[in-house]
Amino acid sequence: MTTSQTPPAETSLLVRPINWLRRRLTGRPGPEPQSLDEDLPVTDTAELLASDRRQAIIEELAGTTQPMSTATIAERVACAEYDCEADTLDAEQRKRVYIALKQSHLPVLAEANVVVYDVDSNRVARGPQFS
């Protein structure tokens, strides 16, 4: 009987989903099992992706190369979270997500250089660690 010689890092219960999610959100084929990004350790990546809202922010930015307004991202995240269209979101739902993004999720992603978050203009773009 022959067994697969997959490197231990690729079989980790944590690493495999992170790599899958990176490929899904960024559209790039990597990283390979031996080439995990040195600048953003797996533990940091896991922490960043632990939040559904941060995953949704990354997914929104993966669909464009242009900066997006915080309000647009918040609306799209809220629509995904509440499983509805933008015209059926109420003001409280929008506000709840918008505040959480501004006060928590965007600063965390910006600190990790995954996004560039301009607080003054309320614009968010892909950061150096995005891809």
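Analyst: Helices are DSSP runs of at least four residues, strands are runs of at least two, and both are numbered from the N terminus. In this predicted model, the chain reads α-α-α-α-β-α-α-β-β along the sequence. That comes to six helices and three strands.

User: What makes residues 68–69 long enough to be called a strand, β1?

Analyst: A strand needs at least two residues in a DSSP run. β1 covers 68–69, so it meets that minimum. Ser69 lies in this strand.

User: How do you know that β1 pairs with β3?

Analyst: Pairing requires at least two bridges between the strands. Two bridges join β1 to β3, residues 123–126. The requirement is therefore met. The two strands run antiparallel, and Ser69 stands opposite Arg123 in β3.

User: Why are β1 and β2 called edge strands?

Analyst: The open sheet has the order β1-β3-β2, with antiparallel pairing. β1 and β2 each have a single partner strand, so one side of each has no neighbour in the sheet.

User: What packs on the sheet, and at what angle to β3?

Analyst: Helix α4 does. It touches β1, β2 and β3, and its direction makes about 75° with that of β3. Several α4 residues are buried: Arg53, Arg54, Ala56, Ile57, Ile58 and Leu61.

User: What makes Ser51 a cap for α4?

Analyst: A side-chain oxygen of Ser51 lies 3.2 Å from the backbone nitrogen of Arg53. The limit for a polar contact is 3.5 Å, so this pair falls within it. Ser51 caps the N-terminal end of the helix.

User: Why is Ser69 called buried?

Analyst: Buried means under 20% relative accessible area. Ser69 has 19%, so it counts as buried.

User: How do you know that the side chains of Ser69 and Thr72 make a polar contact?

Analyst: They come to 2.7 Å. The distance limit is 3.5 Å, so this value fits. Leaving aside neighbours within four places in sequence, Ser69 is also in contact with Asn122 and Arg123.

User: Why is Thr45 called buried?

Analyst: Its relative accessibility is 5%, and the limit is under 20%, so Thr45 counts as buried. Thr45 lies in helix α3. Its C-alpha is 9.1 Å from that of Ala112, although the two are 67 residues apart in sequence.

User: Which residues touch the most other members of the largest nonpolar core?

Analyst: They are Ile57, Leu61, Ile73, Leu101 and Val114, out of 23 residues in that core. Five elements give two or more residues each: α3 (42–49), α4 (52–62), α5 (70–82), α6 (91–111) and β2 (115–118). α5 gives the most, with five residues.

User: What does Ile73 contact, leaving aside its neighbours within four places in sequence?

Analyst: Ile73 is in contact with Ile57, Leu61, Met68, Leu101 and Val124.

User: How do you know that Cys79 is in no disulfide?

Analyst: A disulfide is a covalent bond between the sulfur atoms of two cysteines. The sulfur atoms must be within 2.5 Å. The nearest cysteine sulfur to that of Cys79 belongs to Cys84, 4.9 Å away. That is too far for a bond. The structure holds zero disulfides.

User: Are Cys79 and Cys84 buried, exposed or partly exposed, and how do you know?

Analyst: Cys79 has a relative accessible area of 14%, so it is buried. Cys84 has 21%, so it is partly exposed. The dividing value is 20%.

User: What makes the phi of Asn113 stand out?

Analyst: Most residues other than glycine have a negative phi. Asn113 has a phi near 65°, a positive value, and is not a glycine. Asn113 lies in the loop between α6 and β2.

User: Where is Asn122 found?

Analyst: In the loop between β2 and β3. Asn122 also has a positive phi, about 55°, although it is not a glycine.

User: Why are these two residues called partly exposed?

Analyst: Partly exposed lies between under 20% and over 50%. Asn113 has 39%, so it counts as partly exposed. Asn122 has 23%, so it counts as partly exposed too.

User: What share of the chain counts as buried?

Analyst: Of its 131 residues, 35% do. As for contacts between residues at least 6 apart in sequence, 51% join residues at least 24 apart.

Notes. Residues are numbered from 1 along each chain as its sequence is written. This is a predicted model: local features need pLDDT of at least 70, side-chain atom pairs count only at pLDDT 80 or more; totals for chains, interfaces and linings use all residues. Side-chain values use heavy atoms; hydrogens and water are left out. A nonpolar core is a set of buried Ala, Val, Leu, Ile, Met, Phe, Trp, Tyr and Cys residues joined through side-chain atoms within 4.5 Å. Buried means under 20% relative accessible area, exposed over 50%, partly exposed in between (1.4 Å probe, protein chains only). Contact means heavy atoms within 4.5 Å. Axes are lines fitted to C-alpha atoms, for helices over the stretch in contact, and angles run from 0 to 180 degrees between N-to-C directions. A polar contact is a pair of N or O atoms within 3.5 Å; within protein, one must be able to donate a hydrogen and the other to accept it, and residues adjacent in sequence count only if both atoms are side-chain atoms.
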